[in-house]
Amino acid sequence: PLPGTVSDPWKLMLLDATFRACHLIHYLQLSHHLIVLNYIICTFDKLKSVSSEDIKITDAVFDGVEVRVFEPPAKQEEKLKRSIVYIHGGGWALASARTSLYNNLCRIMAESLNAVVISVEYRLVPEVWFPEQFHDALRATKHFLQPDVLAEYSVDPNRIAISGDSAGGNLAAAVCQQLSKDENLTVRPKLQALIYPVLQAFDFNTPSYQQNMNMPVLPRYVMINYWIDYLNGNYDLAHSLLINNHTALDVSQAVAFRGRLNWTTLLPSSFKKNYKPVIQTTGKAEIVQEIPALLDVRAVPLLADTETLQLQPKSYILTCENDVLRDDGVMYAKRLEEAGVEVTLDHFDDCFHGCMIFTIWPTDFSAGVQTRNSYIKWLDENL
């Protein structure tokens, strides 16, 4: 068992077996694995519903995008509240702002921080593909940042964070980059907080991808399939992506981005260990032609230029050692830092991908409480 799961190793085995079974069903062409996974998530979700009499929970529509709003009770001494726009994870294809996992997280955030939390219910694969998830998150956030909407929810326009986990961290980072370049905005986020975010599809052989290629919950091949699903690509390309054929030295479209994702210079030696870069001399340029979004910064925020990164707000990035996405977050933290942004990199040696939302039976882990408390503590001290 992984550290942080020792007391209940069967829970991690249950999670991993569930995900692998769904991919087997997809392989046998019995059903799409994402449909099966969402069905299972909804079934588990009925096991326990978390609510609170102290937090007002309502559903609303922001510029055509559904959101769930968590509002703590008003306090006489505080006229305006701080706020977090939260974007849930799930490979751009799973879960919901309404599931108990995210309902519980956002409720605890609202209670602990006395903050208004806006949880974005963006549309999922296979209903839509990139860039629609990005557009949903951006529209909902921009709507909320309007002064009259902030006033409706009694939110302080100077104390707003944008946050998300995993694929939601990807959307949060991409939205934050877009907002920073929008000259028409009068209100901008004070902070961004990214939880084990997925930030690049350029290199599937970073040290963390190599180290954790078979790690439960999110093996490397599953993450590659999520990218293919999100970008509406063909599963036949999975192997070429796995060996970095799409960013080989002879793929001209990738040349300009190579320096922005050089893990040999961006990662500390403790993460690089003895792993070697996988750089193909000859690859397949047609992959990028078929899926141009592989190099679109709205999908892969780690590839943004330095000028964009310089505009980003104070940032928090949480990473886990037992996670293929560890190096995505660490490299983004380093690039932001080099661009002059104040960054807190909160790394957990004993935790795994997705752990922060797993705090409800039957998938309650000590790692979930540990990471959640650290994340909320940072928000409390900085927002």
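1. Of the 383 residues in the protein chain, buried residues make up 60%, a figure that, like every other value in this note, refers to a predicted model. The protein chain contains 16 helices and 10 strands. Among its contacts with a separation of 6 or more, 76% are accounted for by residues 24 or more positions apart. The accessible surface of the protein chain comes to about 15400 Å², and carbon and sulfur atoms hold 52% of that area.

2. The annotated positions deserve a careful reading. According to the unreviewed UniProt entry, the annotation "active site" covers S166, D323 and H353. These residues are spread over 188 residues of sequence, yet they cluster in space, with a largest C-alpha distance of 10.7 Å. The annotation comes from the record and may be inferred rather than shown by experiment.

3. Within that annotated set, D323 is found in the loop between β7 (314-322) and α15 (326-338). D323 has a relative accessibility of 1% and therefore counts as buried, the cut-off being under 20%. When residues up to four places away in sequence are not counted, D323 touches Y196, S208, N212, L218 and H353, and the last of these, H353, is itself covered by the "active site" annotation.

4. Turning to enclosed space, the count comes to two cavities of 30 Å³ or more. The second largest cavity has a volume of about 40 Å³, and its lining consists of F134, A174, Q177, Q178, K181, V297 and R298. By class, this lining has three nonpolar, two polar and two charged residues. Helix α6 (residues 167-180) gives the most to the lining of the second largest cavity, contributing three residues.

5. One of the lining residues of the second largest cavity is Q177, which is found in helix α6. Q177 has a relative accessible area of 3% and so is classed as buried. Leaving aside neighbours within four places in sequence, Q177 is in contact with V297, P301, A304, T308, L309, Q312 and Y332; of these partners, V297 also appears in the lining of the second largest cavity.

6. Among the open regions, the second largest pocket has a volume of about 180 Å³. This pocket is lined by 14 residues, of which D203, R258, L261, N262 and I279 lie nearest its centre. The lining of the second largest pocket divides by class into seven nonpolar, five polar and two charged residues.

7. The backbone of the model contains some features that a colleague may wish to inspect. Most residues other than glycine have a negative phi, and most peptide bonds are trans. A cis peptide bond joins V125 and P126, with omega at about 5 degrees, and another cis peptide bond, with omega at about 10 degrees, joins F130 and P131. P126 is placed in the loop between β4 (115-121) and α4, and P131 is likewise placed in the loop between β4 and α4.

8. Helix α4 (residues 132-144) is also the place of D136. D136 counts as buried because its relative accessibility is 2%. Apart from its neighbours within four places in sequence, D136 is in contact with V65, Y122 and R123.

9. Positive phi values occur at W92 and S154, neither of which is a glycine. W92 has a phi of about 60 degrees and lies in the loop between β3 (81-87) and α3 (100-113); with a relative accessible area of 0%, W92 is buried. S154 has a phi near 55 degrees and lies in the loop between α5 (147-152) and β5. At 31% relative accessibility, S154 counts as partly exposed.

10. The strand that follows this loop, β5 (residues 155-165), includes P157. P157 has a relative accessible area of 33%, and is therefore classed as partly exposed. Not counting residues up to four places away in sequence, P157 touches L150, V187 and R188. In the case of R188, the two residues are 31 residues apart in sequence and 7.8 Å apart in space, C-alpha to C-alpha.

Definitions and conventions
Residues numbered from 1 in each chain as written. Predicted model: local features only at pLDDT ≥ 70, side-chain atom pairs only at ≥ 80, totals over all residues. Heavy atoms only, no water. 1 Å grid on protein atoms, 1.4 Å probe; cavity = no way out; pocket = protein on both sides within 12 Å on 5 of 7 lines; lining within 4 Å. Points joined across faces, edges and corners; volume = space filled by probe spheres on them. Helix = DSSP H or I, 4+ residues; strand = E, 2+ residues; numbered from the N terminus. Nonpolar A, V, L, I, M, F, W, Y, C, P; charged D, E, K, R; others polar. Buried < 20%, exposed > 50% of the residue type's maximum accessible area, 1.4 Å probe, protein only. Contact = heavy atoms within 4.5 Å. Areas by Shrake-Rupley, 256 points an atom, 1.4 Å probe, with all protein chains shown as cover.
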